Each structure stands twice: as C-alpha cells, then as structure tokens.
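Me: I have a structure open in front of me and would like to learn how to read its features. Could you walk me through them, please?

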Amino acid sequence: MTDFTWNNLKFWNDHESFRPYLDCGQLDIAIFDAVHDETIRLHHSNVVIGRSTLKNPICVIANYLFDTLCHDIFQIEAGQLKEGLISVGSRNLFETDALDPEIIKRFDNHFTYRVINENYYAESEPEDSCHLRRILRWYRDFFGDASDEASILLPIGALRALRRLTSFSCGRALVLSGDKGNNNHEQFRGLNDPHVAVHGSFSVMVNYHAIGLYCTSRSGFVLHDPQEEASLKVSVLVFTNQEDAVLATFQPSTMGHQSSPFYDLGRVQIHNWVGSDVERLSAARSLAFPNLCRAFSDSITSFGPNDFFVVQKSMKDDTERPTLKAIVALLKLSNWDPDVFYKFRDPILQQVSACTIKLRNDLCRNLPQLWRQHFMLDKNKDVAFEVGRLYYGLRMYQKAIRFYQTSIECSGEHHVTFHNMGLCYYSLSQYQLAFHHFGKALLLKNDYTKARAWQDKLHREKPYQFEDLK
C-alpha cells in the first residue's frame, strides 16, 4: 500500500487490523509519488521495486487517485488543436498571506488557448511521445470538422503514473481504477473551460477515454463501464506488452458466423488509429481474457459500485423508515459492509425487538462477518458500540457486553457505554456489576439521570445488597 505522505503510512503501520499482515510479510507499505518516483522502497522489507524488477505482472488498484493528479487542457476548434493555459488568482483584491491555505476556496481561474501540433509531448515525454501523439491526433481527427468543437482534459499525471508502475513488471499490468470522470468521448463536445472542484485539495474529472487510448496504443486493452449517469466510473486496463501477437489466435474463422458481432474483430490492425477502430482493436484483444471480461461484466457493468450507492442513498434519503427486511437485503448485497450497517443502525434497532425469529437468525448469523470486515478509520464512528446495542436488542447480553468493552478499547470511555453495560448486567441478574457500571457512568457524567435512576431502582429492589452504597 502506498501514499505520498508519511502521516497516512504511519496510520496504516500502527493500525491493529493491519498488524498480522505486516508481521508475516503479506503486506508492506511505502512512500510513492505516482507522478515523479521511479522506484518504490518497501518500508518493512526494505526491498526496492524498480524498472523490470518484478517477474510477474503487477496489479494496481487506483481508488480516487487520478482526479487529483496533474492534467493538461486541450481544445479542438475549427480543426485546430489548442493547448489551454491557466492563470490562478484570488477573488479578493488583496491577500494578506499568500501562503494561507484558505486561498484555495477563493481561486479565480482564467484560461487562454493557443494553437499547437500533435508533437506537443515530443520533448517533455520522450518515452510516451508516440502514444500521446496518437491520442492527440485521434481527438483532432474525430472533432476536426469545421463545425465540430471539443474540450478535452488529458490526465497526463495518470499516464505518467501508469508508465512508471508498468515499468516495474516489464510493461505487464492489470489496473483497476475508480474515480469521477467520463469514458464517452461524445461528452467532450463544445468549448468549455474545465471545472475545478475544491474540497480541501482540488480535483477535475478523469478522462478515462484518453487513458483507454493510451493503454490500447501500448498493446493493451481497456474495459469501461458504459453507464453514463454515474458519479463513480470504474475501468480495467490490461497492459500485455505483447504487441499484437494475441490477435493471431483470433482469425475470422474463429470468430463465428459472419453475422456475429465478433466476426470482424480479428481483422483489426494497429494502424487503424481512427474513430471506433481503436475500440474494436481493444475489444479484439480482450477476447484473450474471457474470465476477466466476465468478471467485469458481472461485478461492474451488470450492477456496480455506483448502482449500489444509488440504491443505498435512495433507501436512506427517500424512505422515511425502510423495513428491516429491506435493510437486511441491502446488507447482503453489500456483503455485510460495516459502513452500511452504521448508516442504517437506527431503523435496525427500532425494529429488531419485534422482528421474526427467522429475520433475527439472519442478523445473528452474519454479525460476526460484519465485525470481521470492520476497519476503524474514525473513532467517532463507533461500530462496536452499535453492534453492542443490536445484541442488547436481540437479548444477547453477554455478546453485547463484549462489544461495549471493544468500544471502550477502540473509541474510549463514555458514560452511555457504561450505562448500557449496566443494563446488560441487570438483565443477566448480575446486580453488583450493574450497580458498578451505572456508577462508572456517573463518574464520567455526574448529572446523567438515566444511570442515577437505575441505581435508585436497584436500591429499592435490592435494599440489603446496596444499603451501604446509598
């Protein structure tokens, strides 16, 4: 696992969930600047990964990475290719501190454009200049009619990162990337300045279409999710470093009948770098990886992460009180994701005490899996506490106590946690422990009326046991 700041690495290194994997050598961490670094030095093993050091292909997961890397701006207008230049200032006439991080919220961006040719990257990116020239030429030719106009962000930072990462394994890699962006070139029509989103840092939309062109130019192929109405785009890139030898196995005779949509894929050649021929070339190469294509179709195209997000958000925001059955179905769809459980904790707890035995059993059977998958990032999101509350609602008091204890260990002492433990001990007829935990709650919050009321109740019900503790 890599990041470019030590603070994040230290968090991973100190996290108890990662400790078993770090200790046995299955996991390592490293500082890596995806745009500039040529090597990765693993923190624990001290192994250096560099050009051609890996025998097997590398697998890269880039989750919301590419949108924050550097991008180049281009426009096609009247058949001419233009580069975009940005001037950044503040909306305030005067800034007292030019290094104030809050200035990012007051950015005032101005764009200018000037004509260039397709050899734009010849000097700055010599290793990839031929691929980048193909990409710029593709856009210029596709939008080159006098009546056509287009605005294009080229994710040069992402392409540099892919060049460096694939160099570690002799040009062979599988990359799974999810980010905000577009993979349909038709959405680039029109002359528009790029939107820059500000959120502590800043980011732009990722041009996955251009990344796919780059991968295809490097003898690879790309699988895009064709869904356009999606805030999260997911793509798979496969770099084979095999030129077009893979196509030799796909002659027209092996493609089925001439009416088959795959019949002509074997005829595609690399020199057809225009229009839809590039997509056909990528599709032809993908036929050599049927299991990957099926997995992508099943897990992304048919119903992917963005679809799940839409369903989850609709259930939470558009339904006043989703039924427990529906929530359990959503939890199953999420593979019992602790974050989904946390979001729906209140309607779960409101209904669990009156649910059917069958539904109760479904919850109890899968709660251990839910907890095993929990990775604590935010101490204020106390999943252990909520699981304890659920077990209490299910009248499984010993298990509830264990999770309340875990809550204290992970998120610290809280008066409500001790109070809830007192309720569990009371239900187990362990009155001394119940009184003790109500007392702990009052030590943390002296005016906590619920704990005080329960201590008074114990005094009334068991006067001889607690007479000295009045």
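Reply: Below we go through sheets, a hairpin, backbone angles and a surface patch. This is a predicted model, in which local features need pLDDT of at least 70, side-chain atom pairs count only at pLDDT 80 or more, and totals for chains, interfaces and linings use all residues. Residues are numbered from 1 along each chain as its sequence is written, and side-chain values use heavy atoms, with hydrogens and water left out.

Me: In which order do the strands β8, β7, β6 and β9 lie in their sheet?

Reply: First the terms: helices (H or I, at least four residues) and strands (E, at least two) are DSSP runs numbered from the N terminus, and two strands pair if DSSP finds at least two bridges between them. Here 4 strands make an open sheet, ordered β8-β7-β6-β9, with antiparallel pairing. The edges are β8 (107-115) and β9 (149-154); each has a single partner strand, so one side of each lacks a neighbour in the sheet. From one strand to the next, the twist averages 30 degrees. Such angles run from 0 to 180 degrees between N-to-C directions, with axes being lines fitted to C-alpha atoms, for helices over the stretch in contact.

Me: Which strands does helix α3 touch?

Reply: Contact means heavy atoms within 4.5 Å. Helix α3 (residues 129-142) packs on this sheet and touches β6, β7 and β9, and its direction makes about 155 degrees with that of β9.

Me: How many bridges join β6 to β7?

Reply: A useful idea for any strand is that, when it is regular, its side chains alternate between the two faces of the sheet. In this model, β6 (residues 72-77) and β7 (residues 80-90) run antiparallel and are joined by 5 bridges. Ile-73 has Gly-84 of β7 as its bridge partner, while Gln-75 stands opposite Lys-82 in β7. The two strands form a hairpin with 2 residues between them, and Ala-78 in the turn has a positive phi of about 55 degrees. On to the next pair: β7 and β8 are antiparallel over 9 bridges, with Glu-83 partnered by Arg-114 in β8.

Me: Is the pairing in the sheet of β5, β10, β16 and β15 parallel, antiparallel or mixed, and what is its twist?

Reply: The pairing in this open sheet of 4 strands is mixed, and the order is β5-β10-β16-β15. Its edge strands, β5 (58-63) and β15 (221-224), each pair on one side only. The twist averages 10 degrees from one strand to the next. Within the sheet, β10 (residues 173-179) and β16 (residues 233-239) pair in the antiparallel sense over 7 bridges; Leu-174 has Val-238 in β16 as its bridge partner.

Me: Where is Cys-170, and what is its phi?

Reply: Most residues other than glycine have a negative phi. Cys-170, which is not a glycine, has a positive phi of about 55 degrees, and it lies in the loop between α4 (156-167) and β10. Cys-170 is partly exposed because its relative accessibility is 37%; buried means under 20% relative accessible area, exposed over 50%, and partly exposed in between (1.4 Å probe, protein chains only). Ser-429 also has a positive phi, near 65 degrees, and sits in the loop between α15 (415-427) and α16 (431-444).

Me: Where is Phe-303, and is it buried, partly exposed or exposed?

Reply: Phe-303 is in the loop between α7 (290-301) and α8 (305-317), and its 36% relative accessibility makes it partly exposed.
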